[in-house]
Structures are given as C-alpha cells and as structure tokens.
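Here are some notes on the model you asked me to look over, set out as numbered points. Please read them with the sequence and the coordinates open beside you.

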Amino acid sequence: MKNSTYSGLSLNRCSELRLRNDEVQILKKQDNLVILPVWKGKNLFNTSDLNYVSISLQLAQELALNDEEMIFLGLDGKVPCFAINIFNENDICNLNENWEFKTLHSILNIITLNQASLLAYARGMSIWHSNSVFCGKCGMRTKSEEEGHIRKCTSLTCSKKLFPRIDPAVITLVEHPNEESCLLARQSNWPLGMYSVIAGFLEIGESLEDCVKREVAEETGIIVNGVSYQGSQPWPFPSSLMLGFAAKAENDKFSPKDDELEKIMWVSRECLKEFTEMEDAESEKKLPSKHSIARSLIDSWVNREIKFY
Ligand SMILES: [Zn+2]
C-alpha cells in the first residue's frame, strides 16, 4: 500500500535532545524557529496565504502557562519545530484577521502531505498534554518533562511518569470466499451514504490478529482467516494508530452480535465503480476519504494488490 497520510514526516524527532534542555534552549533562540499553536485540537492556519502559522517565541511564552509546556517536535532540516497548547483562541486570533484555528480535516486538501504530518504530530502531542494534566494513579497534578515527551506526577511519593498515549485500532478489508467481493458496512452516525471496512479497538490481552477476528465476528457474524497485515496510519483524532489488515471470509451470511453497524453488504469490484467520493454530499454510496487507510485498503483490493499470507 502507498504511504498513508499523516505518516512519512520528514522532520527528525531528535529524541536524544529531549534530555538536553540547554541545547534545546539554544535552538529556541534561532531566527527560523517554528512554533505551532494548537487550540482544542485545531491548528492555527493563515486563510490568506493558505499555510500554517508559526508564532514567535515571545508570544508563545506570553501565552503558555510556563516555558516547560512547549513541546519539542524535532528538527526539520535546520529548523527547530515546537508545538504549544493555547488556552484562549482569541489571544492569538485577535492578532491577525487572517489567522484562524482549523480542524486538520478541513485544510487537508490545501496543505502538503508533509505539512499534514507535522500538524498531526503537533495536534496529537498537544491533545495528550491537555488530557494528562492529572496523575491517573494518585490524582495530583503532573508537569511536563523531557521537552514535552513525558509528564511526571508532582507528588513526591508517587512520581509516576506518563508517556504519550497511542490507542491501537485494527481496520480490516474482508474478502468474500469467492474472492470477487469485499465487505463494506456503515454506522448510522456516519455521513450520508458513506461505507467503509470493519474497524475496532484492540483490547488488553489480545493480539492484533485476535482483534481482527473478534471485531469482524462481533459486528458482522463473518468468521475470517488468513489475517494479513497491510500497513498502518497514524490517526491523531485524538490518539489512534490504525493497523490495516486484510482477511478471508469463511462464510458469507451476516449475523451481527452487536448493533454497531446500520448496514452490511458484500460489494463486487464492478459495483464499487458506482461508489463516489466523500465530497459528493448527495450520494447514497460513497467511499471513505482518499486520506484514510480504509480507502487505501479498498483501492488495493480493487487493484488486486492485497497480499494474503
Ligand atoms: Zn501520582
């Protein structure tokens, strides 16, 4: 499968610098410094030049609770990149009439894929910080350490370290026993007419392959084998990693054990040609966004590029 959107970031994360605060402080003084503000999971965007906005160090220090809350993302060539959580949208947007906090989905077709990966990284890290202000073990406040890549409980008797959270989810293209159809389904809360492949979160004590088999069986009643890994996609909405699989169905009659899906169907390669793009608001048959691993799985299957092993 092709490289997924939000992956392939060109930036060097320079994880060795996370323990060298003196060197990071020097990087912050560079003229080419990039600081990406994030407010409630939205990235700051300039609606005039259609690019993301980097704010000055002085402004970042005025808006952040303290300097430690800046998150060191890495070096893009020689450009040091940071993210920062903003608590009041207007503190920034009032400074420039063209600045607006936007969802990543809404600007995805305007920015480059590398910019999308960078903004997704900034977004994911910022959301993790927002959701990790208190220690899950003792309830005390945590504070940012290692340039924003760890939060540590401030209770001296606890000192628990919190690491950036990633929630693995499997997403699976299921092929009919006749090899000429694949399984598509929809949830009632999805956009009108959108169909996709089967997805679900990994549970504790479960391998990825076990999870694929359980999710497909629970949601559709289909038993699968030949579970084959195809690729992955970072999905920071807010903290998922999508692990793409293909699997072969042993039966073809649907008998869902839960009510998660509104509709399930087998779709042949020929019938898939009737499906339109997500942007087609009126269509009652459309595929997931081209930026999703779900769509990559479907397209790969249509082109007979899926490898089972
Ligand atoms: Zn604690």
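1. Lys-102 has a relative accessible area of 23%, and because buried residues are those under 20%, Lys-102 has to be described as partly exposed. Its partner in a salt bridge is Glu-100, with a distance of 3.4 Å from N to O. Glu-100 is likewise partly exposed, at 36% relative accessibility. Please keep in mind for this and every later point that the model is predicted.

2. A second pair joins Glu-175 and Lys-248, whose side chains form a salt bridge with an N to O distance of 3.1 Å. Glu-175 belongs to strand β10 (residues 167-175) and Lys-248 to strand β14 (residues 240-249), so this pair ties together parts of the chain that lie 73 residues apart in sequence. The surroundings of the two partners should be described separately, since Glu-175 is buried at a relative accessible area of 6%, whereas Lys-248 is partly exposed at 24%.

3. Some of the charged residues are linked through shared partners: Glu-203, Glu-206, Arg-214, Glu-215 and Glu-218 are joined into one network by their salt bridges. In total, the structure holds 20 salt bridges.

4. Another of the salt bridges deserves its own entry, namely the one between Arg-151 and Glu-69, where the closest N and O atoms are 3.4 Å apart. Distant parts of the chain are linked by this pair, as Arg-151 sits in strand β8 (residues 150-153) and Glu-69 in the loop between α2 (57-63) and β4 (71-76), with the two positions 82 residues apart in sequence. Both Arg-151 and Glu-69 are buried.

5. Which residues hold the zinc ion? Its protein donors are the SG atoms of Cys-135, Cys-138, Cys-153 and Cys-158, which lie 2.3 to 2.4 Å from the metal. The site is tetrahedral, with angles of 95 to 113° among the 4 donor atoms. For comparison, the ideal angle for four tetrahedral donors is 109.5 degrees.

6. The spacing of the zinc donors along the sequence reads C-x2-C-x14-C-x4-C. Cys-135 is placed in the loop between α5 (113-130) and β7 (142-145), while Cys-153 is in strand β8, so the pair ties together parts that are 18 residues apart in sequence. Cys-135 is buried, with a relative accessible area of 4%, and Cys-153 also counts as buried, at 4%. Cys-138, by contrast, is partly exposed at 39%.

7. How many disulfides does the structure hold? There are 0. As for Cys-93, its relative accessibility of 14% is under the 20% limit, so this cysteine counts as buried.

8. The chain is divided into domain 1 (15-131), domain 2 (132-164) and domain 3 (167-302). Taken over C-alpha atoms, the centres of domain 1 and domain 3 are separated by 34 Å. These two domains do touch, with 9 residues of domain 1 in contact with 6 residues of domain 3.

9. Turning to the chain as a whole, it has 8 helices and 15 strands, and its C-alpha atoms fill a box of roughly 60 × 50 × 30 Å along the principal axes. Of the 309 residues in the chain, 49% are buried. When contacts between residues at least 6 apart in sequence are considered, 65% of them join residues at least 24 apart.

10. Is helix α8 (residues 293-302) mostly covered or mostly open? The helix is mostly covered, as 8 of its 10 residues are buried. The buried set consists of Ile-293, Ala-294, Arg-295, Ser-296, Leu-297, Ile-298, Ser-300 and Trp-301, and these residues pack against several elements, namely β10, β11 (181-186), β13 (224-235), β14, β15 (263-268) and α7 (269-272). Strands β10 and β14 are also the elements that carry Glu-175 and Lys-248, the salt-bridge pair of point 2. Just after α8, Arg-304 adopts a positive phi of about 55°.

Notes. Residues numbered from 1 in each chain as written. Predicted model: local features only at pLDDT ≥ 70, side-chain atom pairs only at ≥ 80, totals over all residues. Heavy atoms only, no water. Disulfide = S-S within 2.5 Å. Buried < 20%, exposed > 50% of the residue type's maximum accessible area, 1.4 Å probe, protein only. Salt bridge = Lys/Arg side-chain N within 4 Å of Asp/Glu carboxyl O. Helix = DSSP H or I, 4+ residues; strand = E, 2+ residues; numbered from the N terminus. Donors = N, O, S within 2.8 Å, 3.2 Å for Na, K, Ca; no water. Tetrahedral: all angles 85-135°; square planar, octahedral: opposite > 155°, others 65-115°. Domains from an automatic or database assignment. Contact = heavy atoms within 4.5 Å.
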